[in-house]
Every structure is written in C-alpha cells, then in structure tokens.
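Here is a short report on one protein chain. It starts with charge pairs and ends with the chain as a whole.

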Amino acid sequence: MSEETNNDQDFIAAPSPADNVVGKQPEKPKRARVEDAVDTDETPRESMERKRDYLEGFLQQKPENVPAGAPGGDLYEAVVAALKEIYDPEIPVNIYDLGLIYGVDVDEESDVTVTMTLTTPHCPVAETMPGEVELRAASVPGVRDAEVNLVWDPPWGPEKMTDEARLELGML
C-alpha cells in the first residue's frame, strides 16, 4: 500500500474516552444530591400516606328524598342490617352475603316481605331458618309485620355470594 491510500480515508475516528482532546478538558458528570430531588413541601410520611379518594365523599352520601321502604331508605336498610346478623350454622357467613336473600320488599304500611332460599332443600335448618328470618325482620323498629316466602327457583349457587362472603370462605 502506498501512503496516499492511507491518508485518503472516508471517515474520521473519534478520540477514545481516555484520550485528552487538546485545548478542552472533559467535564465530569454532576453527582446526584438529595437537595436536587423533587422539591416538595411534604414530609416523607405525608407522601407515603394514601391520598383522599375524590369519590369517597360521593360514595358515602345517602340519596335524598328516598322513601323509608325503598332500597336506600332507613327502614329497608334496617331490615337488611337485621338479616345480616343471621348466620348460616354450617358456614361462617351471614345469610344476606351468602346470597340466600333474594329480595326485601317494604310496602307503604311498613309490612316486610322477604323472599329467600336455602343452600339445598335438605338443609338441616330448613324448618327453623325461615322462622328466624321472619322474627328478625319483624323485630326491626318501624316494621308492622313480616312474612317470609321460601322459594327454590332459581336455585342457590355460589355465584350468588358477595365478594365479602367469598373472601371469608377463601374462594376469592
């Protein structure tokens, strides 16, 4: 090879990081400092705490002008709370969350009709459970009379349970 071909290159190689460029010293990168972090007025505890959910107040707000016997009304909710105090003797979950209560109807005269089922027709509490539900619903202040309708159609299934019941039973 001749010297002419060595000098006629189509590219120029960049200097290696170890080479000093004449007339200019490479700058060292800045070190990270705590003061350079995001500037906030919050303490670490405040930044780690859960922020208030903007829907929290909205979801806790009770509907206005709801009749006492309608879903969301005082009497209706009191009957549902009373039913949630009755537990299935074989399963440690209340009968409302278990999905055994199909409906709670409160009429204008404060008469309550509870439509319910049992897990199976041969349930050991088939004779006593409807009576207990009727007594609990009738014992709610403001209820004039209570009646229980025991139905088998649609049949009860695990899909009727609430998420809380599934969690309690380890199914979630």
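## Salt bridges

The count of salt bridges comes to five. The model is predicted. Side chains of opposite charge can pair when their charged atoms come close.

Glu 85 and Arg 136 form one of these bridges, at 3.5 Å from N to O. The pair links distant parts of the chain, 51 residues apart. Glu 85 sits in the loop between helix H4 (74-83) and S1, while Arg 136 belongs to helix H5 (residues 129-138). Glu 85 has a relative accessible area of 52%, so it is exposed. The cut-off for exposed is over 50%. Arg 136 is partly exposed, because its relative accessibility is 27%. The bridge does not stand alone: Glu 85, Glu 132 and Arg 136 are linked in a network of salt bridges.

## Two further pairs

Arg 144 pairs with Asp 111, and their closest N and O atoms are 2.8 Å apart. Arg 144 lies in the loop between H5 and S3 and Asp 111 in strand S2, so this bridge ties together parts 33 residues apart in sequence. Are the two partners buried or exposed? Arg 144 counts as exposed, at 58% relative accessibility. Asp 111 counts as buried, at 15%. Buried means under 20% relative accessible area, so Asp 111 falls within that class.

Arg 166 and Asp 163 meet in a salt bridge at 3.6 Å, N to O. Both residues lie in helix H6. They are three residues apart, about one turn of the helix. Asp 163 is partly exposed, because its relative accessibility is 45%.

## A positive patch

Which residues form the positive surface patch? They are Lys 28, Lys 30, Arg 31 and Arg 33. Lys 30 is found in the loop between helix H1 (3-7) and helix H2 (44-48). At 80% relative accessibility, Lys 30 counts as exposed.

## Backbone exceptions

Most residues other than glycine have a negative phi, and most peptide bonds are trans. Two places in this chain depart from that pattern, one in phi and one in omega.

Ser 110 is not a glycine, yet its phi is positive, about 65°. Ser 110 is placed in the loop between strand S1 (101-106) and strand S2 (111-116). The other case is the peptide bond that joins Asp 153 and Pro 154. That bond is cis, with an omega of about 5°. Pro 154 lies in the loop between strand S3 (145-150) and helix H6 (163-168).

## Two loop residues

Glu 108 lies in the loop between S1 and S2. Ser 110 has its place in that loop too. Glu 108 counts as exposed, because its relative accessibility is 81%. Where does Pro 67 stand relative to Glu 108? The two are 41 residues apart in sequence and 8.9 Å apart in space, C-alpha to C-alpha.

Ala 126 is found in the loop between S2 and H5. Its relative accessible area is 22%, so Ala 126 is partly exposed. Setting aside residues up to four places away in sequence, Ala 126 touches Leu 118 and Pro 121. Ala 126 and Leu 150 are 24 residues apart in sequence, and their C-alpha atoms are 9.5 Å apart in space.

## The chain as a whole

How many helices and strands does the chain have? There are six helices and three strands. From the N terminus on, the elements run α-α-α-α-β-β-α-β-α.

The chain has 172 residues, and buried residues make up 25% of them. The exposed area is about 13700 Å², with carbon and sulfur atoms supplying 51% of it. Among contacts with a separation of 6 or more, 53% come from residues 24 or more positions apart.

Note on methods
Residues numbered from 1 in each chain as written. Predicted model: local features only at pLDDT ≥ 70, side-chain atom pairs only at ≥ 80, totals over all residues. Heavy atoms only, no water. Patch = residues over 30% accessible without salt bridge, like charges linked within 9 Å, V, L, I, M, F, W, Y side chains within 5 Å. Areas by Shrake-Rupley, 256 points an atom, 1.4 Å probe, with all protein chains shown as cover. Salt bridge = Lys/Arg side-chain N within 4 Å of Asp/Glu carboxyl O. Lys, Arg positive; Asp, Glu negative; His and termini not counted. Charge placed at Lys NZ, Arg CZ, Asp CG, Glu CD. Helix = DSSP H or I, 4+ residues; strand = E, 2+ residues; numbered from the N terminus. Buried < 20%, exposed > 50% of the residue type's maximum accessible area, 1.4 Å probe, protein only. Contact = heavy atoms within 4.5 Å.
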